[in-house]
Amino acid sequence: MNYEISLLTTMAISVMFALSLNLITGFCGQISLGHAAFQGVGAYAAALLAKAGWPFLATLPVSMLLAGALGVIVGLASLRVRADFLAITTMGVVFLFVGVVRQQDVLGGELGISGIPDHGLGKAGFMVVALLACAAVAALSVYIKRTWMGRVFNGIAEDEDTMRVLSIDVPRYKLAAFALGTALAGLSGAFYAYHLQFIGADNFGFVESITVLSMVVFGGIGSVPGVVIAAALLSVLPAWFQVIGDYKLLVYGGLLFLMMRFSPGGMAALARRFFNPVTPQGGRT
Amino acid sequence: MLFVELIAQGLVQGSIYALIALGLTLVYGLLRILHVAHAALFTLGAYVGVLACNASGSLTVAFVCAALVAGLAGVTMYRLAYQPLLAQPPFVALIASIGLFIAAEEAFRIVFGAQGLSFSDPPLQGQVTLGSALQFKQAEIMVMVGTAVIIGVLAWLQTRTRVGVACQATVSDPQMAESFGISLRQVRDINFFVGSALAGFAGVWVALLNNLVEPTMGSVPSYKALAIIVLGGLGSIPGTLAASLVLGVVEAFGTIYLGQLLDRNAIAFAFLIAVLMIRPQGLFARR
Amino acid sequence: MTRPDKPQPLLVVDGVTVRFGGLVAIDNVSFEVREGELLGLIGPNGAGKTTMLRAITGVARPAQGQVLLDGESLNGQPIHQRIRRGLSLSQQLVKPLRGITLEENVALAAAKAKTVRPLRALLHVSSADELAQARRELERVGIAALAGQSPATQPLGVLKRLEMARALALGPRLLLLDEPLAGLNSKEAHALADTIADINRQGVTVVLIEHNLGEVLRICQRLVVLDNGRKIGEGEPRAVMADPVVRTAYLGGDTVEAKHA
């Protein structure tokens with residue numbers, strides 16, 4: 001039973017993380033190649049606070065705040081650069097994060113932070129809280145889509161120049177997306193730290209950033225159910241397919257490639273084609 | 001003399017970056033796609049080069065094979081992955097590229113093993129002394145010379161031959177180029193071939209410098225190459241070259257002076273971000 | 001020279017020059033738009049009319065000169081801010097949002113008050129009012145029947161009217177229309193021109209770019225003529241059209257060096 005509980009917790013954390021990126025990329029159209037840095041900020045914040053004696057639940061808001069604050073800074077910086085450069089700038093952010101953290105002994109240096117105190121909820125209790133948090137993030141995502149913020153985000157993702165002519169303060173909305181998305185990434189980071197009880201800078205690098213991005217794209221950018229399912233599946237893919245074992249990354253890379261090649265709208269697009277065999281509109285989810 | 005040594009080191013490293021970044025900038029200038037899988041061609045060239053050299057004993061054969069194989073592989077990537085996705089939003093090609101990249105690195109690991117390959121009799125390992133105290137490995141000098149020669153040839157080709165001019169035109173304005181009868185497909189094939197061949201070429205050089213080829217060797221240089229093409233002005237060959245060398249030197253100095261604060265890779269990106277904040281269009285932007 | 005009894009013009013274009021690379025698209029053009037008028041901005045193809053509208057809305061930045069709204073310079077103000085101050089643009093190159101229906105497109109503009117800040121937008125879910133307003137605007141331009149359809153399958157004439165409905169839904173003081181009649185047959189064009197005149201009578205100042213000179217002459221109160229980026233004529237429609245310089249620009253084959261009117 002312990003193994004399954006741990007697996008479900010991992011899934012919940014990954015889904016939370018993926019949904020947070022979906023807010024930025026899926027709703028607002030900003031490709032971020034450095035999202036893991038924000039999860040890392042949340043994780044390190046929680047780890048350090050935990051070691052200082054803070055109770056688990058108290059670390060959550062701090063993790064979110066710090067991650068969101070960094071998100072706003074990065075967001076402001078990214079507004080200055082051209083759209084094509086945004087992806088690479090975000091890539092730079094995550095390399096910077098790893099690079100800085102690894103050199104600071106107070107943050108554990110190259111060895112990271114180990115022996116993170118227990119959350120006191122027990123394995124099953126922690127899983128439940130993680131699942132609840134994950135559900136809350138999903139609910140928030142769905143809610144946002146139904147509000148005017150969601151409609152504006154959709155417009156920005158499709159054609160931001162037109163949105164400006166429609167009186168929308170595009171930079172401000174992009175910042176809002178960044179702030180929300182990175183704060184929620186920080187939340188997933190806090191759970192991550194308590195779940196593994198050990199973190200290192202390399203857990204939040206470029207590879208992890210493109211992994212979570214692939215989950216979002218695989219599920220279907222912007223689609224909440226799609227991203228939830230994709231993240232849940234892909235995060236435990238290595239565990240489920242022991243038989244693939246040695247070839248798991250090969251399968252992962254191949255799946256990504258094939259999905260993009262044959263259904264760029266991800267699983268959500270596949271589902272729509274399956275349940276609704278009329279000619280779909282091209283482009284946006 | 002530390003100063004001069006650092007510059008020299010930086011130029012060597014910068015030459016390697018230039019070879020990789022050139023291919024990337026050619027692709028980005030054409031297609032606006034972040035060709036992450038370019039890294040795999042670098043590694044492929046390294047493997048092919050080492051195998052060819054060990055089999056034939058000749059470094060020249062190694063270079064030729066590496067360039068050819070990498071070039072062809074690059075064109076294949078274009079035909080298989082990018083061409084069908086041209087009509088889609090750019091992130092689609094990016095993720096497809098990432099998928100290819102991950103799969104390729106794994107394929108290398110599975111086929112060649114994780115330990116890595118080495119030259120059975122590494123050439124160009126002798127020492128060369130320049131000036132009063134600069135010591136280089138022969139291979140290091142050759143990298144710089146080789147890169148300079150290649151860039152020179154490429155620049156000449158781009159401005160003096162019909163093919164080269166066609167490539168330039170296609171980068172600036174594809175529709176207009178097409179209306180002048182330039183075959184976009186041909187131009188793209190050529191650009192991918194040349195760019196990928198360069199990456200393969202660079203792979204062999206790095207194999208020479210480290211006497212080791214392993215599956216993940218392509219990642220880090222390629223990430224930095226992505227930063228370089230932004231710094232250098234997308235699609236600009238002279239800009240990319242300049243940015244590569246600058247980055248190599250900045251890294252060399254940065255590792256010494258900023259090593260307490262940042263590790264080596266972070267220095268490259270810190271530089272990138274700092275530049276973009278001051279000049280959002282990059283160091284050598286043309287537009 | 002200020003005349004205290006004359007009300008301040010709503011919009012002033014003052015010595016505006018716009019360059020694209022080496023090309024001068026607009027060359028030192030000045031004119032006024034008075035509150036409540038229906039001004040036609042005409043000229044042969046490539047005269048710079050669309051660029052002029054873009055300079056006013058802020059899509060294009062003038063190399064020299066300025067645009068003033070209510071006496072205040074708009075230089076440096078971002079597009080969305082100019083729109084919130086009362087400008088509204090219906091573009092020549094129509095770009096509806098393809099993922100949503102026609103009425104949802106217009107509703108997005110109608111939601112101007114709710115979308116001013118992300119936080120406020122987050123707190124508002126209902127779109128009933130905006131959809132109702134959207135239908136009214138679509139009705140005004142004559143395409144209410146297509147409200148629930150996707151823009152992806154509509155002909156140009158419908159999309160142009162969608163553009164206009166969207167621009168109207170923003171509740172503008174100054175409406176900039178870039179070739180709203182293009183793609184319409186003569187009956188539809190006549191009807192839409194009447195609608196534009198109605199909108200103007202209801203208090204909206206309109207600047208209209210149009211090639212359909214018949215309708216322009218019918219509804220516009222004043223004309224400004226551009227050719228090759230320069231202003232070559234201005235004034236009452238019939239007088240302007242009788243001006244030999246203007247006639248040559250339109251009917252002559254080659255470019256004539258135009259004198260400023």
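Two residues are taken to be in contact here if their C-beta atoms, placed from the backbone, lie within 7 Å. Of the two pairs of chains in contact, chains A and B share the most contacts. The model is predicted, and local features are described only where pLDDT is at least 70 and side-chain atom pairs only at pLDDT 80 or more, whereas totals for chains, interfaces and linings use all residues. Residues are numbered from 1 along each chain as its sequence is written, while chains are lettered from A and ligands numbered from 1 in the order in which they are written.

**How the chains meet**

The contact between chains A and B brings together 33 residues of chain A and 37 residues of chain B. On the side of chain A that touches chain B, the helices α3 (56–80), α4 (83–103), α8 (206–219) and α10 (248–262) of chain A each supply at least two residues, and the largest share, 14 residues, comes from α4(A). Helices (H or I, at least four residues) and strands (E, at least two) are DSSP runs, numbered from the N terminus.

The contact between chains C and A takes 25 residues from each of the two chains. Here α2 (79–84), α3 (102–110) and α4 (118–122) of chain C each give at least two residues to the side of chain C that touches chain A, with α2(C) providing the largest share, four residues. The two sides can be set out by class, where Ala, Val, Leu, Ile, Met, Phe, Trp, Tyr, Cys and Pro count as nonpolar, Asp, Glu, Lys and Arg as charged, and the others, Gly among them, as polar.

| Side | Nonpolar | Polar | Charged |
|---|---|---|---|
| Chain A, touching chain B | 21 residues | seven residues | five residues |
| Chain C, touching chain A | 13 residues | six residues | six residues |

Chain B and chain C do not touch, and their nearest C-alpha atoms are 9 Å apart.

**Chain B**

Chain B has eleven helices and two strands, which follow the pattern α-α-α-α-β-β-α-α-α-α-α-α-α when read along the sequence. A residue is called buried if 20 or more other C-beta atoms lie within 10 Å of its own, exposed if 12 or fewer, and partly exposed in between, with C-beta atoms placed from the backbone; by this rule, buried residues make up 55% of the 287 residues in chain B. Among contacts in chain B with a separation of 6 or more, 74% are accounted for by residues 24 or more positions apart.

The pLDDT, which is the predictor's confidence in each residue on a scale from 0 to 100, averages 81 in chain B, and 90% of the residues score at least 70. Within chain B, confidence is highest in helix α3 (residues 59–82), at a mean of 90, and lowest in strand β1 (residues 127–130), at a mean of 67. Where pLDDT is low, the predicted coordinates should not be read in detail.

**Chain C**

The secondary structure of chain C comes to ten helices and ten strands, and 46% of the 261 residues of chain C count as buried. The C-alpha trace of chain C spans about 55 × 40 × 40 Å along its principal axes. The radius of gyration, taken over C-alpha atoms and compared with a globule rule of 2.2 Å times the number of residues to the power 0.38, is 19 Å for chain C, which agrees with the value near 18 Å for a compact globule with 261 residues.

Chain C contains an open sheet of four strands in the order β2-β1-β4-β5, with antiparallel pairing, where two strands pair if DSSP finds at least two bridges between them. Because β2 and β5 (72–73) of chain C stand at the edges, each with a single partner strand, one side of each is left without a neighbour in the sheet. Strand β4 (residues 64–69) of chain C pairs with β5(C) over two bridges in the antiparallel sense, and Leu69(C) stands opposite Glu72(C) in β5(C). Helix α1 (residues 49–57) of chain C packs on the sheet, touching β1, β2 and β4 of chain C, and its direction makes about 70° with that of β2(C); axes are lines fitted to C-alpha atoms, for helices over the stretch in contact, and angles run from 0 to 180 degrees between N-to-C directions.

At the other end of the strand order given above, strand β1 (residues 11–20) and strand β2 (residues 23–33) of chain C pair in the antiparallel sense over seven bridges, with Val18(C) opposite Ile26(C) in β2(C). The two strands β1(C) and β2(C) form a hairpin with two residues between them, and Gly21(C) in the turn has a positive phi of about 60°.
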